[in-house]
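Here are my notes on the model, set out as numbered points. Please read them beside the sequence and the coordinates.

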Amino acid sequence: MLSTIAAISTPLAASGLGVVRIAGEDAIAVGDAMFRPVGKESLAELGGYRCAYGRVYDGDGDIDEAVATVFVSPHSYTGEDTVEFSCHGGPNVLRRVLRSALSCGAKPAGPGEFTRRAFINGKMTLTQAEAVMDIISSRSEQAGKAALNMKDGALYKKITAVAGELTALQSHFAAWADFPEEDVPELSPEQMRCVLSSSRSVLKKLIDGYDAGRIVREGAAAVIAGKPNVGKSTLMNLLTGCERSIVTEIAGTTRDIVEESVLIGDIPVRLFDTAGLHETQDPVERIGVDMASDALERCDVVLAVFDTSLELDDNDRALIERISGRPSVAVLNKSDLPPVADVKYIEERMPECVRLSATEGSGIDEFRAALERVLRVADYDPTAPLMANERQLDCARRGLAAVDDALSAIAAGMTLDAVSVCVESALDALCELTGEKASDAVIDQVFSRFCVGK
């Protein structure tokens, strides 16, 4: 039997309201032991889905005014009896209310324990539980929509549909092998290929869409790179909307990496303004150039800045060659000045090029559109079934590999037993994705990401 648990479910900071949640078999009894309602009814008498106004207290006296909301099993977030106290959001008040609940018999909740219980009690699937954390941590409108869509079960429904087709195939294999006297018809290779190819198509589409979804959810790391004095710091200030980087006409002003998080369009972007890439004998500047080079290797996208008012030099060409094949946007800066650079040379070698004046701000809309294209989020659909994390991606990849193995076994003319083994492996991977066959270690790893109180 699960114990009764309690936790602060809102951020521990000064605010208008704060919530302490208690859930478990004795939640209502614990609530009654620490709450004095204004009316005559106790929380036990109140019934579910009703609220009572009163005061929460402990051994030292009254703590605060509060509204107690009662939820009765199984119709609550966790599927258990639940009491939530809404009081003023001062950290001291919330801590005292929590301590009072613990002194009345509740135990401290662990990270994500309320949501874990919702999963254990069948209130949500594992993918829906993961979506809860994505809703909490979403940093853009698109990310919020995608997380809510996943919480509504879009991915679960898609995966279970694939698993259903494979299960039907596996059942036919079993019936054919185990009950020969029933004259179960043997599936033709073409019939098996049809089912497996359909499953493969769905899994491949989900896997291919993962990176775009990750960028929308987690954001992109973007390095602003280029030789000294091409306008990298001016671009940084334009994108952040403030004087984040020092801008002077003296080359080499930026030596450390300057970081800032912004929304560009609806994409969360972590910007890194770096030292100018060039050969230098200055030991301090050399450190900055090395740091810029390291950041260039780790980022999701490179914003390569070129000064179009000057001829291209070896540093410009070296940068173009270095980032060849990488997601990148060429920022043809200083478009407000007469053009001198060989822009065609850049355009022929870079996937996206934008003419922009970082000083005047012209071209910024075109820049946003180019960034969305290069990150492959321009056509992102937050209502489509999408995978939310590496765990789900790994399961889908293993499922796809097993389906491919089954198709290869059919093509090689192998026995149905061999095909069946591959299909069973695919089903195991998909059931792990949805949580139907997930190990305790996997479940622990999922909920370790959660905050206490959710």
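**Notes on salt bridges and cores**

1. At 22% relative accessibility, Asp 300 counts as partly exposed, because that class lies between buried, under 20% relative accessible area, and exposed, over 50% (1.4 Å probe, protein chains only). Its partner Arg 214 is buried, with a relative accessible area of 18%, and the two side chains meet in a salt bridge at 3.3 Å, N to O, where the term stands for a side-chain nitrogen of Lys or Arg within 4 Å of a carboxyl oxygen of Asp or Glu. The pair links distant parts of the chain, with Arg 214 in helix H9 (residues 210-218) and Asp 300, 86 residues apart from it, in the loop between helix H11 (283-298) and strand E11 (301-307). Helices (H or I, at least four residues) and strands (E, at least two) are DSSP runs, numbered from the N terminus.

2. The model is predicted, so local features need pLDDT of at least 70 and side-chain atom pairs count only at pLDDT 80 or more, whereas totals for chains, interfaces and linings use all residues. Residues are numbered from 1 along each chain as its sequence is written, and side-chain values use heavy atoms, with hydrogens and water left out.

3. The count of salt bridges comes to 28. Among them, Arg 117 pairs with Glu 113, the closest N and O atoms being 3.3 Å apart; both residues lie in helix H4 (residues 113-120), 4 residues apart, or about one turn of the helix. Arg 117 counts as buried, at 2% relative accessibility. By contrast, Arg 50 is partly exposed at 40%, as is Glu 41 at 35%, and their side chains form a salt bridge of 3.5 Å, N to O.

4. The largest nonpolar core, meaning a set of buried Ala, Val, Leu, Ile, Met, Phe, Trp, Tyr and Cys residues joined through side-chain atoms within 4.5 Å, has 36 residues, and those touching the most other members include Leu 166, Phe 173 and Val 423. Helices H7 (154-178), H8 (189-208), H15 (390-411) and H16 (416-434) each give two or more residues to this core, and H15 gives the most, with 10 residues. Apart from it lies another core of 35 residues, among them Val 262 and Leu 303.

5. Beyond its neighbours within four places in sequence, Val 423 is in contact (heavy atoms within 4.5 Å) with residues including Leu 169, Gln 170, Leu 196 and Ala 406. H16 is followed by Gly 435, whose phi is positive, near 100°.
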